[in-house]
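Biologist: Please take a close look at the salt bridges in this model. Which side chains pair up, and where do the partners lie?

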Amino acid sequence: MQAQKREQTLPEISYRAARLEDCPLLAELNHQLIRDEGHRNPMTVPQLEQRMRDFLAGEYRAVIYEDSGEVVAYALFREQPEEIYLRQLFVVRHRRRQGIGRRAMEILRSKVWPKTKRLTVEILVANQGAVAFWRAAGYRDHCLTLEIMP
């Protein structure tokens with residue numbers, strides 16, 4: 001019953017494939033993502049834009065989600081023979097906790113990605129909100145990378 005109720009309250013957002021001309025927007029959103037998750041990536045927005053261009057010109061694809069013309073999220077992923085690797089999923093700050101991330105994943109799984117492949121995502125363990133989100137989305141722990149900083 002609870003799962004049905006959640007399904008009914010997910011927002012109706014539209015989605016489209018990102019194009020190279022979306023790279024400035026995607027770079028700005030990626031910059032916010034890096035800050036919000038506490039990542040150490042020092043890249044500037046122009047550097048992130050070039051990286052996004054390289055991603056989209058290469059093996060990555062991106063999806064942009066909109067609600068009434070407002071960009072509310074994006075996903076960046078790479079399809080390989082046996083898996084879909086989700087590199088980034090970002091919901092804009094003022095639209096979080098409204099079911100947009102869940103709806104974005106539902107769209108990817110039902111309309112964009114083949115159902116026959118393993119789905120993987122990497123997250124920073126310190127980002128407990130992300131850990132909880134991905135576990136709730138059905139992902140299970142697989143590995144943990146440990147490091148010693150110089």
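Modeller: The salt bridges are taken pair by pair below. This is a predicted model, in which local features need pLDDT of at least 70, side-chain atom pairs count only at pLDDT 80 or more, and totals for chains, interfaces and linings use all residues. Residues are numbered from 1 along each chain as its sequence is written, and side-chain values use heavy atoms, with hydrogens and water left out.

A salt bridge here is a side-chain nitrogen of Lys or Arg within 4 Å of a carboxyl oxygen of Asp or Glu. Searching the whole structure gives 15 salt bridges. One of them joins Arg103 to Glu12, at 3.9 Å from N to O. Arg103 belongs to helix H4 (residues 100-112), while Glu12 sits in the loop between helix H1 (2-9) and strand S1 (14-17), so this pair ties together parts 91 residues apart in sequence. Helices (H or I, at least four residues) and strands (E, at least two) are DSSP runs numbered from the N terminus. Arg103 is buried, at 9% relative accessible area, whereas Glu12 is exposed, at 65%. Buried means under 20% relative accessible area, exposed over 50%, and partly exposed in between (1.4 Å probe, protein chains only).

A salt bridge also links Asp36 and Arg93, at 2.8 Å from N to O. Asp36 lies in helix H2 (residues 23-37) and Arg93 in the loop between strand S4 (83-91) and H4, so parts 57 residues apart in sequence are tied together. Asp36 is partly exposed, at 32%, and Arg93 is partly exposed, at 45%. Through shared partners, salt bridges join Glu12, Arg103 and Glu106 into one network.
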